[in-house]
Amino acid sequence: MAESVSIQLQGGAFRVMGWNPPRAQPAHGWASVFAVYTGSGALPPLLGSYAIEAGALVFRPSFPLAPGVQYRAVFHPTGGGTAVEKIFDEPSPRTAPSARVEQVYPSAEVLPSNQLRLYIYFSGSMSRGEAGHRIHMLDANGKVLPGAFLPGEELWDPSFQRLTMTFDPGRIKRGLTSNEAMGPPIVEGKRYTLVIDRDWPDARGVPLVEGFRKAFRGGPAERNPPDPKQWRITAPKAGSSQALLLNFPTPMNYPLLQRMLHVSGTQGNVAGTVSIDKQETEWRLLPQQPWKTGDYQLIVDSALEDLAGNHVGQAFDIDVFQHVTEHIATKTISLPFVVR
Amino acid sequence: MLRRLTFVRVAVGLSLAAALAVTVMAARKPAGVLADLTSGNAQLKSAGALAFGPDGVLFVGDSIGGEVVALDTNDHAAARSAVKIDVQGVDVKIAALVGVTPDQIMINDLRVNPISKNVYLSASRGRGPDAMPLVARVSGSGDVSLLSLDNIPHSSISLTDAPASDPSARRNPRMMTITDMNYVNGNLIVAGLSNEEWSSALRSIPFPFKAAKEGATLQIWHASHGQYETQSPVRTFVPYTISGQQYILAAYTCTPLVKIAVSDLQPGAKVKGVTIADLGSGNQPLDMVPYKKDGHDYILIANSSLGLLKLKADNLEGYKPIDSPTVTDVAGVPYDKLGNFKNVQQLAQLDDSDAVILTGKPGPFNLQTIALP
């Protein structure tokens with residue numbers, strides 16, 4: 001009997017051909033007759049479901065078969081006899097590297113010594129669980145500086161194309177043991193290089209096209225919260241489709257600039273395209289429709305941060321002790337301008 | 001994606017499994033919080049932080065989906081005897097069940113069902129954005145199985161609270177990664193880190209989840225030396241009772257360990273933790289287990305670089321809130337480093353005298369019971 005039995009893989013399902021299965025499944029289930037294993041070790045079989053289709057026993061794995069993985073299907077004839085085993089190698093797709101680091105924000109070459117976060121933008125989806133050993137900070141002599149970043153959870157966007165790295169806040173925040181023992185991760189006046197390894201696998205398991213390096217220098221700490229009074233609005237001319245410009249004296253947090261500013265006119269919000277330029281010191285809104293004469297408001301979410309995590313009206317570490325009595329309020333600040 | 005899992009038992013222990021099944025049926029009670037769950041397909045996009053609620057309800061943090069899902073594990077039978085777990089290569093076994101190589105399994109969290117003492121692991125099949133969420137169960141006899149996410153009584157609550165930073169993007173790039181959750185006095189408390197702004201709120205969500213109410217959000221602050229204070233995200237926390245009052249012990253991302261009275265966690269409140277220890281630099285507390293032994297209080301802490309720490313936690317009520325700039329808050333609760341446990345990735349309480357740890361890096365990962373030291 002068993003000699004004529006063969007196992008086939010069709011459309012992700014494993015079929016036992018040349019064997020007439022009984023109507024009812026055996027006492028110990030179909031898995032006692034036919035099972036599929038991942039790899040070659042003595043491990044539990046694949047999860048899945050059994051069915052009789054066109055007189056053949058079929059096993060459908062609960063999860064899709066993975067590229068590059070070997071599966072071993074084993075059929076044990078019910079009446080005893082030699083087991084039939086067949087190996088299936090799922091093809092490993094030939095894939096060339098295609099993902100690269102597109103940009104790291106802040107884009108400036110001088111970062112405040114209390115710089116809080118870096119945002120790394122990749123051109124493709126990446127693999128999780130790698131950041132801890134693929135990103136390095138080097139000093140001016142090329143020596144790796146350990147402990148610059150907060151270990152633990154990797155903060156990705158849902159497409160795994162943007163990674164948020166946080167400098168160890170315990171070293172940034174004044175008064176903590178880490179800050180006093182190790183100092184801040186970035187020291188004013190010193191030179192550093194951020195290095196991202198080429199070997200970082202993308203979501204397909206393929207390395208980056210190339211590694212990435214960003215040189216920067218430590219600047220003075222930024223302790224003052226962003227002050228909208230110091231921001232400069234350049235209003236566009238009525239009837240034009242010029243961009244509205246907002247300039248900041250120091251760079252701001254890139255992802256937050258994209259969603260924490262908007263423009264409101266008498267007709268409601270002004271639709272347009274936001275762009276950020278001049279090392280995150282300029283925010284522009286290019287309107288969909290030409291500007292109309294009138295009064296406008298630039299609405300700022302006070303949660304907008306600068307590079308050091310200071311947000312509008314509130315420093316990252318407040319150096320005046322206050323009793324904690326305030327309650328959360330969603331705060332926005334309106335900056336008026338006129339289009340003439 | 002096709003995700004039709006049946007609850008398949010693995011390996012040996014059939015007789016124990018059968019005994020367990022009988023007791024499960026006897027103990028099944030659809031009343032209480034379970035009555036608020038609806039059967040159907042739990043649409044998880046990821047499975048991260050875990051927490052157990054009443055009646056074997058398992059909360060699963062889905063950071064990519066921006067929600068928390070409560071699942072009825074249907075695992076309500078009390079463990080009959082002390083549970084000793086020792087599973088070598090638990091990631092390898094999960095990989096075998098779902099048909100991938102072990103490097104494609106990432107274990108995200110570990111919790112013990114306080115009733116059955118079965119161990120639950122959240123994991124991902126794959127490492128990219130399309131990774132599939134898994135919830136695995138490890139029984140006291142070492143059987144590894146997957147919890148079916150199809151046709152399971154569940155309910156969920158959305159944590160999404162921010163507009164898309166780029167409305168034209170396929171997905172909103174802003175995301176809150178849920179770092180820890182605990183069920184305390186009828187509320188699920190959720191800690192998270194945003195991938196955009198620094199200040200993240202702690203949320204307290206009443207359970208059963210009511211209509212789209214997301215619960216109270218709290219600003220959690222931390223002061224150091226009574227001089228500088230920061231709106232600081234909580235990385236991990238654990239419920240704790242001090243002198244009959246309910247607290248949470250929380251570890252901030254900037255390393256101090258603090259206590260926060262649960263009575264302070266009121267809607268909209270700005271809450272400041274009282275520092276009880278500063279574990280120093282270059283490390284992150286991963287999980288904490290408070291326990292009593294020989295008349296003393298301790299907290300066992302799994303730490304990203306220091307392994308296991310045993311904190312002497314007697315008289316935590318003596319740590320007063322900081323209320324003037326001159327008071328120092330570096331309290332220095334003494335702790336011991338336990339050198340015999342390396343690469344501890346996860347820690348969870350099993351019972352009054354035991355914990356479960358997941359060790360290994362990069363893998364294979366081993367799950368084992370340890371006596372609380």
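## Strands and domains in a two-chain model

In chain B, 55% of the 373 residues are buried (20 or more other C-beta atoms within 10 Å of the residue's own, against 12 or fewer for exposed and partly exposed in between, with C-beta atoms placed from the backbone). The model is predicted: local features need pLDDT of at least 70 and side-chain atom pairs count only at pLDDT 80 or more, while totals for chains, interfaces and linings use all residues. Residues are numbered from 1 along each chain as its sequence is written, with chains lettered from A and ligands numbered from 1 in the order in which they are written.

Chain B contains two helices and 26 strands (DSSP runs numbered from the N terminus: H or I of at least four residues for helices, E of at least two for strands). Of the chain B contacts between residues at least 6 apart in sequence, 53% link residues at least 24 apart; a contact is a pair of C-beta atoms, placed from the backbone, within 7 Å.

Chain A has three domains, with bounds from an automatic or database domain assignment. The C-alpha centres of domain 1 and domain 2 of chain A are 48 Å apart.

In strand β17 (residues 244-247) of chain A, Leu244(A) and Leu246(A) are buried and point to one face, whereas Leu245(A) and Asn247(A) point to the other and are not buried. Strand β17(A) pairs with two strands, pairing requiring at least two DSSP bridges.

| Partner of β17(A) | Sense | Bridges | Opposite Leu246(A) |
|---|---|---|---|
| β16(A), residues 232-234 | antiparallel | three | Ile233(A) |
| β21(A), residues 282-287 | antiparallel | four | Trp283(A) |

Definitions and conventions
Two residues are in contact if their C-beta atoms, placed from the backbone, lie within 7 Å.
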